[in-house]
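Work through these exercises with the sequence and the coordinates open. Each task is followed by a solution in steps.

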Amino acid sequence: MRVLLKSSLFSVLIQTCVFSSDSTSGGLSQYNFTKQDYLGLNDEYETPYFIFEGREKKTPVMILDGGIHGDEIASYMACDSIVKYLKLYEGTLIVIPRTNIKACNMNVRQVNFDFNHAFPGDLTSELYEYRLAYEFMWLVDSVKPDLIINLHEARTKWTPNARYDSEKAYGQIIISCLQPFEEFMLRAVERMNSRIHRYDFKFNPHYYSIREYSSLDNFVLKFGIKSYTVETWRGFDIEDRVKLQLIASLSFMKELGLVFDYPDIKF
Ligand SMILES: [Zn+2]
């Protein structure tokens, strides 16, 4: 019989690191990678995630997830880069680079079942995808973030006609399951596009119809939390896709009010 105590998810403090930045600009001289923790501790899908907290101010709070689909590699490469290079001064950021780690390790979209169709999840299921979805929902409910950004990649390139298709994902888009689009999302899209000069690299706001089984819709409808999905087109070079995922993620972080340093992204 599977025994998985909810409390175990947060109980293990794997490591605590406090870095002192050598920058002294603006008094923001210290930042904090607080800890690494796990979804599915001791289960077949044990998945690390990383928590960054500003030293003085721990709000607003954002969750960034990649690798919900294991073959959408730019998503977790961008998360890895943020975990490696981010210096967070204010707010909290939780990064889950390989949310569906078994699929990521196999470089496949899914293992038994589409993890993104397993929400809100079931801790007693034989399929790990349902257990993982339950734990992800529990993490969200515990943390109560102000924003959740889900990183994905699409097989179809965006065209203006995509605006009228609420059933399919395209690259490059930012997906909302709400209409009209929230001002917050539109400002974030404007922010990211101001850094992107090539026309077909720019992100387009996209409405995706409600799906009761999906992660995005559960975050928005069950918890009332702002959540959007980033899609880059898999036809672009991987280097460009990672940069575009980074620009989208960092733009959402800025728009939410996190204060941080991250190295310049050059196109
Ligand atoms: Zn996906």
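**Exercise 1. Place E167 in the chain and decide whether E167 is buried or exposed.**

Step 1. Find the flanking elements. E167 sits in the loop that links strand 6 (147-154) to strand 7 (173-176). The model is a predicted one.

Step 2. Count neighbours. E167 has 7 other C-beta atoms within 10 Å. The cut-off for exposed is 12 or fewer, so E167 is exposed.

Step 3. Look across the sequence. S209 is 42 residues away from E167 along the chain. In space, the C-alpha to C-alpha distance between E167 and S209 is 6.2 Å.

**Exercise 2. Describe the fold in numbers, and state how confident the predictor is.**

Step 1. Count elements. The protein chain holds seven helices and ten strands.

Step 2. Check burial. Of the 267 residues in the protein chain, 44% are buried.

Step 3. Check contact range. Take the contacts with a separation of 6 or more: 68% of them join residues 24 or more positions apart.

Step 4. Check confidence. Mean pLDDT for the protein chain is 89, and 88% of the residues reach 70 or more. Residues 1-26 stay under 50. For residues 1-26 the model has 30 contacts beyond four places in sequence.

**Exercise 3. Work out how strand 7 is paired, and which residues are the bridge partners of I174.**

Step 1. Sort the side chains. In a regular strand, side chains alternate between the two faces of the sheet. In strand 7, I173 and I175 point one way. I174 and S176 point the other way. All four are buried.

Step 2. Take the parallel partner. Strand 7 pairs with strand 8 (residues 204-207) in the parallel sense, over four bridges. Here I174 is bridged to P205.

Step 3. Take the antiparallel partner. Strand 9 (residues 226-233) runs antiparallel to strand 7, and three bridges join the two. On this side the bridge partner of I174 is V230.

Step 4. Trace the connection. Strand 7, helix 5 (residues 183-193) and strand 8 form a β-α-β unit, and the unit is right-handed.

**Exercise 4. Find which residues touch the most other members of the largest nonpolar core, then list the contacts of I174.**

Step 1. Start from the general trend. In soluble globular proteins, nonpolar side chains tend to be buried together.

Step 2. Rank the members. The largest nonpolar core has 69 residues, and M62, L93, V95, I149 and I174 touch the most other members. Helix 7 (residues 238-256) gives the most to this core: nine residues.

Step 3. List the contacts. Set aside neighbours within four places in sequence. I174 then contacts M185, V189, F203, P205, H206, Y228, V230 and A248. Both bridge partners from Exercise 3 are in that list: P205 and V230.

**Exercise 5. Compare the expected and actual span of helix 4, then examine helix 6.**

Step 1. Compute the span. Helix 4 has 16 residues, and 22 Å is expected at 1.5 Å a residue. The first and last C-alpha are 22 Å apart, close to that value.

Step 2. Read burial in helix 4. Its buried residues include E129, R131, E135, L132, F136 and V140.

Step 3. Turn to helix 6 (residues 215-223). S215, L216, N218 and F219 are buried there. The buried residues of helix 6 pack against helix 4, strand 6, strand 7 and strand 9.

Step 4. Check what follows each helix. K144 comes after helix 4 with a positive phi near 50°. G224 comes just after helix 6 with a positive phi of about 65°.

**Exercise 6. Locate the cis peptide bonds at P120 and Q172, and the positive phi values at N42 and N107.**

Step 1. Check omega. The bond from F119 to P120 is cis, with omega near 5°. P120 is in the loop between helix 3 (101-106) and helix 4 (128-143).

Step 2. Check the bond between G171 and Q172. This bond is also cis, with omega about 15°. Q172 lies in the loop between strand 6 and strand 7.

Step 3. Check phi. N42 is not a glycine, yet its phi is positive, near 65°. N42 belongs to the loop between strand 2 (30-39) and strand 3 (47-53). N42 counts as exposed because it has 10 C-beta neighbours inside 10 Å.

Step 4. Repeat for N107. Its phi is positive too, about 55°. N107 is in the loop between helix 3 and helix 4. With 10 other C-beta atoms within 10 Å, N107 is exposed.

How values were computed
Residues are numbered from 1 along each chain as its sequence is written. This is a predicted model: local features need pLDDT of at least 70, side-chain atom pairs count only at pLDDT 80 or more; totals for chains, interfaces and linings use all residues. A residue is buried if 20 or more other C-beta atoms lie within 10 Å of its own, exposed if 12 or fewer, and partly exposed in between; C-beta atoms are placed from the backbone. Two residues are in contact if their C-beta atoms, placed from the backbone, lie within 7 Å. Two strands pair if DSSP finds at least two bridges between them. A crossover is right-handed if, with the strands pointing away from the viewer, the path from the first strand over the helix to the second runs clockwise. pLDDT is the predictor's confidence in each residue, from 0 to 100. The expected span of a helix is 1.5 Å times one less than its number of residues. A nonpolar core is a set of buried Ala, Val, Leu, Ile, Met, Phe, Trp, Tyr and Cys residues joined through C-beta atoms within 7 Å.
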